[in-house]
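Subject: Structure for your review

Dear colleague,

Please find below the structure that I am handing over to you. I would be grateful if you would read the notes that follow it with the model open beside them.

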Amino acid sequence: MEIKDISVEEMQARVARYRDLKASPQAFVDTRIPEYERDIYNVIGRGVTEDAGLAPSIVDSRYFGITYVGAEPGKGAALHAHETIEVFIPLTGRWAAVWGEDGDKEIEIEPFDVISFPPGIYRGFRNIGDAPAMLMAIIGSKETTGDGGRVEWAPSVLEASHATGLRVNETGDLEAK
């Protein structure tokens, strides 16, 4: 490995200030389904976001991406799977991490707990607290390019999202019908 020295200005481009983050309320195909409404903030890399316009704060995302998720009580992410490991870390509130083809398995997690889902497992989460809460999601990449792949949604989720008029196109980005 070559050791480098970079300037303070160059490091500033590698800082994501929470106060400057921009959220997307429609970053995934499930977000028009009421129980899956949430705000997505791309912190490092685009991750697996389906909103092509949601730019990350830090572009260099070799090996992993970080996203913040804000959700009201009872809301979260629908069942989905990835080709890579995905980690959830609550920052505030109480969350249920769910998995299985029907989402019938569940573990409660609280701030700074960590749950790591292996590839190829349907998983999701929801805020089970009584106040808005934040969760961090870390997704691994298949390569050094930061490509975390795309989301594989449970069939029931796609059926419900299509009823709202929201679909994912052939490149994996959202489009309204």
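The notes below go from the overall fold to the strands and then to individual residues.

Please bear in mind throughout that this is a predicted model.

Overall fold

The secondary structure consists of two helices and twelve strands. Along the sequence the elements follow the pattern α-β-β-β-β-β-β-β-β-β-β-α-β-β. One helix thus opens the pattern, and the other comes after a run of strands and is followed by two further strands.

As to overall dimensions, the radius of gyration is 16 Å, which agrees with the value near 16 Å that a compact globule of 177 residues would have. Along the principal axes, the C-alpha atoms fill a box of roughly 50 × 35 × 30 Å. Of the 177 residues, 45% count as buried. Contacts that span a long stretch of sequence are well represented: among those between residues at least 6 apart, 68% join residues at least 24 apart.

The accessible surface amounts to about 9600 Å², and carbon and sulfur atoms account for 52% of that area. The protein carries 18 positive and 30 negative charges, and the mean positions of these two sets lie 3 Å apart.

Strand β9 and its partners

Strand β9 covers residues 133-140 and is mostly covered, with seven of its eight residues buried. Two strands that pair with β9 may be described here. Strand β2 (residues 64-71) pairs with β9 in the antiparallel sense, over eight bridges. Within this pairing, F64 of the chain is placed opposite G140 in β9. Strand β4 (residues 86-90) also runs antiparallel to β9, and five bridges join the two. Here E86 has I139 of β9 as its bridge partner.

The five-stranded sheet

An open sheet of five strands is present, in the order β6-β5-β8-β3-β10 and with antiparallel pairing. Its edges are formed by β6 (105-109) and β10 (152-153); each has a single partner strand, so one side of each is left without a neighbour in the sheet.

Is strand β3 of this sheet enclosed or open to its surroundings? Six of the six residues of β3 are buried, so this strand is largely enclosed by the rest of the structure. Strand β3 comprises residues 76-81 and pairs with β10 through two antiparallel bridges. In that pairing A81 stands opposite E152, while H80 stands opposite W153. With strand β8 (residues 123-127), β3 forms three bridges, again in the antiparallel sense. One of the residue pairs concerned is A77 with F125 in β8.

Individual residues in loops

Three loop residues deserve a separate note.

G100 is located in the loop between β5 (95-99) and β6. Its relative accessibility is 11%, and G100 therefore counts as buried, the limit being under 20%. Which residues does G100 contact, leaving aside its neighbours within four places in sequence? They are L79 and Y122. In addition, the C-alpha atoms of G100 and I121 are separated by 6.8 Å, although the two residues are 21 residues apart along the chain.

The other two residues concern backbone geometry. Most residues other than glycine have a negative phi. Y63, which is not a glycine, nevertheless has a positive phi of about 80 degrees. Y63 is found in the loop between β1 (39-44) and β2. With a relative accessibility of 55%, Y63 counts as exposed, because the limit for that class is over 50%.

F112 likewise has a positive phi, here of about 70 degrees, and is not a glycine. The position of F112 is in the loop between β6 and β7 (115-117). At 63% relative accessibility, F112 also counts as exposed.

In brief, the points to look at in the model are the antiparallel pairings of β9 with β2 and with β4, the open sheet of five strands, and the loop residues G100, Y63 and F112.

With kind regards

Technical notes:
Residues are numbered from 1 along each chain as its sequence is written. This is a predicted model: local features need pLDDT of at least 70, side-chain atom pairs count only at pLDDT 80 or more; totals for chains, interfaces and linings use all residues. Side-chain values use heavy atoms; hydrogens and water are left out. Helices (H or I, at least four residues) and strands (E, at least two) are DSSP runs, numbered from the N terminus. The radius of gyration is taken over C-alpha atoms; the globule rule is 2.2 Å times the number of residues to the power 0.38. Buried means under 20% relative accessible area, exposed over 50%, partly exposed in between (1.4 Å probe, protein chains only). Contact means heavy atoms within 4.5 Å. Accessible areas come from the Shrake-Rupley method with a 1.4 Å probe; for residues, only the protein chains shown count as cover. Lys and Arg count as positive and Asp and Glu as negative; His and the chain ends are not counted. The place of a charge is taken as NZ of Lys, CZ of Arg, CG of Asp or CD of Glu. Two strands pair if DSSP finds at least two bridges between them.
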